[in-house]
Amino acid sequence: MFEFSISDESSTQTFYQDLISAAQALVDGEPDPIANMANISALIWQYVPDLNWAGFYRRISEELVLGPFQGKTACIRIAMGKGVCGTAARSGQTQRVADVHAFPGHIACDADSRSELVIPVVSAGEVIAVLDLDSPLPDRFKDADETGLCALIEAISPALAG
């Protein structure tokens with residue numbers, strides 16, 4: 001069992017440093033990428049406020065397939081280049097969307113989602129998955145959130161590759 005001390009009352013930088021430390025502890029020594037994705041999505045769900053979905057889509061050939069997540073049921077398959085997740089996977093670039101309804105081709109798995117942050121998980125130069133975070137709040141994700149969560153994924157990406 002893991003117990004973490006992550007305070008949402010600390011500075012944003014300290015919050016994400018603590019979240020990264022907790023994520024590293026969770027994946028330390030665990031070789032199974034699915035188990036690691038499950039724990040990381042649960043960690044993010046527990047500590048990052050104002051989310052209605054947190055999880056992974058794994059790249060299988062030329063599509064994204066639903067992986068471990070927390071939240072409502074979700075779309076199972078997303079074509080590369082489609083929606084926010086497919087765009088992040090195809091481009092290899094993080095996508096931060098303040099208003100998902102204004103994103104061309106947005107895929108609405110949950111009508112309550114208003115903003116989204118999608119971070120590619122890269123291994124050996126290839127996108128192997130994406131971390132997808134949705135919020136019911138418009139413009140929920142700020143620069144500090146993107147920086148902190150990208151650093152988290154970079155720190156643990158080897159444990160997500162298997």
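This dialogue goes through helices, a buried charge and salt bridges in a predicted model.

Reader: How many residues does helix 4 have, and how far does it reach from its first C-alpha to its last?

Author: Helix 4 covers residues 143-161, which is 19 residues, and reaches 26 Å, close to the 27 Å expected at 1.5 Å a residue. A kink of about 50° lies at Ala155, shortly before the proline Pro158. After helix 4 comes Gly162, with a positive phi near 85°.

Reader: What do the buried residues of helix 4 pack against?

Author: Buried means under 20% relative accessible area. In helix 4 the buried residues include Leu149, Leu152, Ile153 and Ile156. The buried residues of this helix pack against helix 1 (12-27), helix 2 (33-47), strand 1 (53-60), strand 5 (115-123) and strand 6 (126-135).

Reader: Which residues of helix 2 are buried?

Author: They are Asn36, Met37, Ile40, Ser41, Leu43, Ile44 and Tyr47. These residues lie on the same side of helix 2, because they cover an arc of only 160° around the axis. Their packing partners are helix 1, strand 1, strand 2 (63-71), strand 6 and helix 4.

Reader: How should I read a charged residue such as Asp132, and which side chain of opposite charge is nearest to Asp132?

Author: Side chains of opposite charge can pair when their charged atoms come close. Asp132, in strand 6, is buried yet has no salt bridge. The nearest side chain of opposite charge is that of Arg140, 13 Å away. Leaving aside neighbours within four places in sequence, the contacts of Asp132 include Trp53, Tyr57, Cys85 and Glu116.

Reader: How many salt bridges does the structure hold, and where in the chain do the partners of Asp143 and Glu63 lie?

Author: The structure holds 8 salt bridges. One of them joins Glu63 and Arg77, with the closest N and O atoms 2.6 Å apart. Glu63 is in strand 2 and Arg77 in strand 3 (residues 77-79), 14 residues apart. Glu63 counts as partly exposed at 27% relative accessibility, and Arg77 as exposed at 52%.

Asp143 forms a salt bridge with Arg96, the closest N and O atoms being 2.8 Å apart. Asp143 lies in helix 4 and Arg96 in strand 4, so this pair ties together parts 47 residues apart in sequence.

Reader: Which residue of helix 4 also pairs with Arg96?

Author: Glu146 does, at 3.0 Å between the closest N and O atoms. Arg96 and Glu146 tie together parts that are 50 residues apart in sequence. Glu146 is partly exposed, at 23% relative accessibility. Elsewhere, salt bridges that share partners join Arg59, Glu62 and Arg90 into one network.

Technical notes
Residues are numbered from 1 along each chain as its sequence is written. This is a predicted model: local features need pLDDT of at least 70, side-chain atom pairs count only at pLDDT 80 or more; totals for chains, interfaces and linings use all residues. Side-chain values use heavy atoms; hydrogens and water are left out. Helices (H or I, at least four residues) and strands (E, at least two) are DSSP runs, numbered from the N terminus. The expected span of a helix is 1.5 Å times one less than its number of residues. The bend at a residue is the angle between axes fitted to the seven residues ending there and the seven starting there. Buried means under 20% relative accessible area, exposed over 50%, partly exposed in between (1.4 Å probe, protein chains only). Contact means heavy atoms within 4.5 Å. Lys and Arg count as positive and Asp and Glu as negative; His and the chain ends are not counted. A salt bridge is a side-chain nitrogen of Lys or Arg within 4 Å of a carboxyl oxygen of Asp or Glu. The arc is that of the directions from the helix axis to the C-beta atoms.
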